[in-house]
Amino acid sequence: MQIKIDVDRSYFVFIDELEKIYFDTKVVILTNDTVAKLHLDNLLHKIHAKEVFVISIKDGEKYKNLQTIEEILNQMFQYKLDRKSLLISFGGGVISDMGGFVASIYQRGIDFINIPTTLLACVDASVGGKTGINNKFGKNLIGSFYQPKAVYCQSEYLKTLSSRELAAGMAEFIKMAVIFDGKILDFIENLDENDFLNSNNSEQNINQIIQESVRLKAMVVSKDEKESGLRMLLNYGHTFAHVIENQTKYKKYLHGEAVAIGMHMANTLALNLGLLDAQVCQRVKKILNKFNLPVFYKILDVEKFYEAFFLDKKTHHEKINFILPCGLGKACIKNDIAKKDIIRTLEEFL
């Protein structure tokens, strides 16, 4: 199956269509040690190019920083890659974000493609052209908008995922359902979570989830590539999640887990503001619980947590832009919420 992402540099997302790819140039594959052990040999048999190089970095969000970027760039220069060379990001969301960023700055920009190996990367990180790395101030604060040349989502690479990784990917899918298409929640509620979390028995469901997610993302990105309005809605749950990830030094939660907590926090804020009714709030919480996703984070310092919001990329003129659900399939951007109302919600997580 193919889904077109209609932007200035349009491209296709191919779902289970990766057999062999031919390149008339040098290719470098960026991956991590975990993915390399599991899937690199398989991918190398599919790639045909003048020369193929592999750069494997340590696995984990904590390595998504400028130091690692410099190490990757140094290896690329040692391989004498030129402006016609191509980079393949082969891994999860961290690899996708870093690979795209490296491609955007190497000799002022080379082509890259994404081949995601996690459900989260398939449904979100690999599509849309957001790239970035973290620093001590927060998540993805350094980066660029840089679209890939193509994306290949292969269900075969998802079969080695743990139930925790699959659930983390499901969090991003639930996010899209809540803000764009409430009917998808019916599908999610009818999923057998035990079957789904056993990746060997859920290929059909996973493919449907990827297709629906990419369809929604394609619609959003085609209308708002650089996140000036509509695309901001995709950050539902992330304003809270990024603070949580930074405070826990990217060690305690997978990104999707932090997003799950962030969604519940955003829902609680929306409920307190009268934007969301309790029934919907409870329904989303129940769905998150169904996939063993966390919904509670114990805030140690409410004021410190509040101040961390101002480092978020969606903050403008010292006003925090919160993405809040306003019913199923609807969301709004609120930048006029009084501090006391935000603090009141945060105090529910003490």
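Helix α3 is mostly covered, with 12 of its 13 residues buried. That picture comes from a predicted model, and so does everything else described here. The buried residues of α3 include Gly 93, Val 94, Ile 95, Met 98, Phe 101 and Val 102. Asp 97, a residue with a charged side chain, is also on the buried list for α3. The helix runs over residues 93–105 and reaches 19 Å from its first C-alpha to its last, close to the 18 Å expected at 1.5 Å a residue. Just after α3, the backbone does something a bit unusual to look for on screen: Gln 107 takes a positive phi of about 45°.

Helix α10 can be looked at in much the same way. It spans residues 255–272, and it is mostly covered too, since 16 of its 18 residues count as buried, where buried means under 20% relative accessible area. At 1.5 Å a residue, the 18 residues of α10 should span 26 Å, and the end C-alpha atoms are indeed 26 Å apart, so expectation and model agree. Just after this helix comes another positive phi, this time about 80° at Gly 274.Positive phi values also turn up in loops. Lys 80 is not a glycine, yet its phi is positive, at about 55°. Lys 80 sits in the loop between α2 (66–78) and β7 (86–91). With 65% relative accessibility, Lys 80 counts as exposed, because the cut-off for exposed is over 50%. Asn 292 is another residue other than glycine with a positive phi, in this case near 60°. The loop between α11 and α12 (302–308) is where Asn 292 is found, and a relative accessible area of 63% makes Asn 292 exposed.

Next come the charged side chains. Side chains of opposite charge can pair when their charged atoms come close. Searching the whole structure turns up 23 salt bridges. One of them joins the side chains of Lys 175 and Glu 172, with 2.7 Å from N to O. Both Lys 175 and Glu 172 belong to helix α5 (residues 163–180), where they are 3 residues apart, about one turn of the helix. Are these two charged residues buried or exposed? Lys 175 has a relative accessible area of 1%, so Lys 175 is buried. Glu 172, at 0% relative accessibility, counts as buried as well.

Arg 283 takes part in salt bridges that reach across the sequence. With Asp 186, the closest N and O atoms of the salt bridge are 2.8 Å apart. Arg 283 lies in helix α11 (residues 278–290) and Asp 186 in helix α6 (residues 183–190), so this pair ties together parts that are 97 residues apart in sequence. Arg 283 also forms a salt bridge with Glu 189, and here the closest N and O atoms are 2.7 Å apart. This second pair again links distant parts of the chain, with Arg 283 in helix α11 and Glu 189 in helix α6, 94 residues apart. As for cover, Arg 283 counts as partly exposed at 22% relative accessibility. Asp 186 is partly exposed at 40%, and Glu 189 is partly exposed with a relative accessible area of 33%.

Some salt bridges join up into a network. Glu 61, Lys 64, Asp 97, Lys 139 and Glu 245 are linked in this way. Asp 97 brings the story back to helix α3, where it is one of the buried residues.

Other charged residues gather at the surface. Lys 58, Lys 62, Lys 249, Lys 251 and Lys 304 form a positive surface patch. Within this patch, Lys 251 can be placed in the loop between α9 (238–247) and α10 (255–272). A relative accessible area of 61% makes Lys 251 exposed.

A last stop is Ala 218, which is found in helix α8 (residues 203–223). Ala 218 is buried, with a relative accessible area of 8%. How far apart are the C-alpha atoms of Ala 218 and Phe 173? These two residues are 45 residues apart along the chain, and their C-alpha atoms are separated by 14 Å.

Note on methods. Residues are numbered from 1 along each chain as its sequence is written. This is a predicted model: local features need pLDDT of at least 70, side-chain atom pairs count only at pLDDT 80 or more; totals for chains, interfaces and linings use all residues. Side-chain values use heavy atoms; hydrogens and water are left out. Patches are made of residues with over 30% relative accessible area and no salt bridge: like charges are joined within 9 Å, nonpolar side chains (Val, Leu, Ile, Met, Phe, Trp, Tyr) within 5 Å. Accessible areas come from the Shrake-Rupley method with a 1.4 Å probe; for residues, only the protein chains shown count as cover. A salt bridge is a side-chain nitrogen of Lys or Arg within 4 Å of a carboxyl oxygen of Asp or Glu. The place of a charge is taken as NZ of Lys, CZ of Arg, CG of Asp or CD of Glu. Helices (H or I, at least four residues) and strands (E, at least two) are DSSP runs, numbered from the N terminus. Buried means under 20% relative accessible area, exposed over 50%, partly exposed in between (1.4 Å probe, protein chains only). The expected span of a helix is 1.5 Å times one less than its number of residues.
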